[in-house]
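Student: Hey, got a minute to walk through this model with me? I'd like to start with the ring pairs.
Tutor: Sure, pull it up.

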Amino acid sequence: MYPVGLPGGLLVLLLCISNIVLNNYIGEYGSNSVAAYGIATKINQIPVLLLVGLAIGISPLIGFCYGGGQKKRLKNVIQLSSIYSIVLGIVFTIIFLVSANILCGLFLSDKFLIKQAAYFLRILCTYSWVTGITNIVTNYFQAIGKPLPSIVLTILKNIVLLIPALAVMDNLWGLTGVIACQPVVEYVIAALSLLFYWISIKKKEKNIA
């Protein structure tokens, strides 16, 4: 029971650590940058949290299908939920790209901060459509009682990849690099998630054969 719930608890802990490191990097560019990033990331959390909710919501169904040996239904659940995640992410990405200034203007009055927050939001929203895939895969492994891949992905995302990437992209592209670091890491993690899922499926097929 404890290992299955470990990725969730670990995610909260590592997320706090990664946020502290990220805010420290942004803080080097002034308090305005921190404020603008805060607004941008809060707005971007809308689709992210919706996708997290979708992944958590299908977890019992994944566990039921896996435990009952309903492989075709399990595959359909993963595929359909992935499609929903991608479509939802793309819709929000388009909305944020088009109306970033308007959305940020709801929370800020200073024109410079609105422009900067909108710029940050347009960068951050580019990973919305892939984060759903990562959430589905990590919840898939937890639902079938094999949490190790979820733990590995969580550590890679928030510590192993993010912190070095922040240092490199900060040196190369400054503040823009720091903000863009999160989408870059999300894309890498999404690719690794699909790889882990593919390996898991192939192992099952090999065991059956």
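Student: So how many aromatic pairs does the structure hold?
Tutor: Five aromatic pairs, and keep in mind that this is a predicted model. Take Tyr 140 and Phe 141: their ring centres are 5.2 Å apart and the planes sit at 70 degrees, so that pair is edge-to-face.

Student: Are Tyr 140 and Phe 141 buried or exposed?
Tutor: Buried, both Tyr 140 and Phe 141.

Student: And why does the pair of Tyr 140 and Tyr 197 count as edge-to-face?
Tutor: Because the planes are at 80 degrees, and the cut-off for edge-to-face is over 60. The ring centres of Tyr 140 and Tyr 197 are 5.1 Å apart. This pair links distant parts of the chain, with Tyr 140 in helix α5 (residues 128-143) and Tyr 197 in helix α7, 57 residues apart. Tyr 197 is buried, as is Tyr 140.

Student: Which residues form one aromatic cluster with Tyr 140?
Tutor: Phe 141 and Tyr 197 join Tyr 140 in that cluster.

Student: OK, switching to the nonpolar core. Which residues touch the most other members in the largest one?
Tutor: Cys 104, Leu 166 and Ile 179, out of 40 residues in that core. At least two core residues come from each of α1 (2-27), α2 (31-67), α3 (71-105), α4 (111-124), α6 (148-160) and α7 (162-208).

Student: Which helix gives the largest share?
Tutor: That's α7, with twelve residues.

Student: What is Ile 179 in contact with, leaving aside neighbours within four places in sequence?
Tutor: Ile 26, Tyr 37, Phe 120, Ile 123 and Leu 124. Apart from the largest core there is another one, of 14 residues, including Ile 62, Ile 78, Val 137 and Phe 141.

Student: Any general background on that kind of grouping?
Tutor: In soluble globular proteins, nonpolar side chains tend to be buried together.

Student: New topic: how many disulfides does the structure hold?
Tutor: Zero.

Student: Why is there no bond from Cys 16 to its closest cysteine sulfur?
Tutor: Because that closest sulfur, in Cys 181, is 18 Å from the sulfur of Cys 16, too far for a bond. The cut-off is within 2.5 Å. Cys 16 itself is partly exposed, at 45% relative accessible area.

Student: And where is the closest cysteine sulfur to Cys 181?
Tutor: In Cys 125, 17 Å from the sulfur of Cys 181, so again too far for a bond. Cys 181 counts as buried, with 0% relative accessibility.

Definitions and conventions. Residues numbered from 1 in each chain as written. Heavy atoms only, no water. Buried < 20%, exposed > 50% of the residue type's maximum accessible area, 1.4 Å probe, protein only. Core = buried A, V, L, I, M, F, W, Y, C linked by side-chain atoms within 4.5 Å. Helix = DSSP H or I, 4+ residues; strand = E, 2+ residues; numbered from the N terminus. Contact = heavy atoms within 4.5 Å. Phe/Tyr/Trp six-rings, centres within 6.5 Å; stacked < 30°, edge-to-face > 60°.
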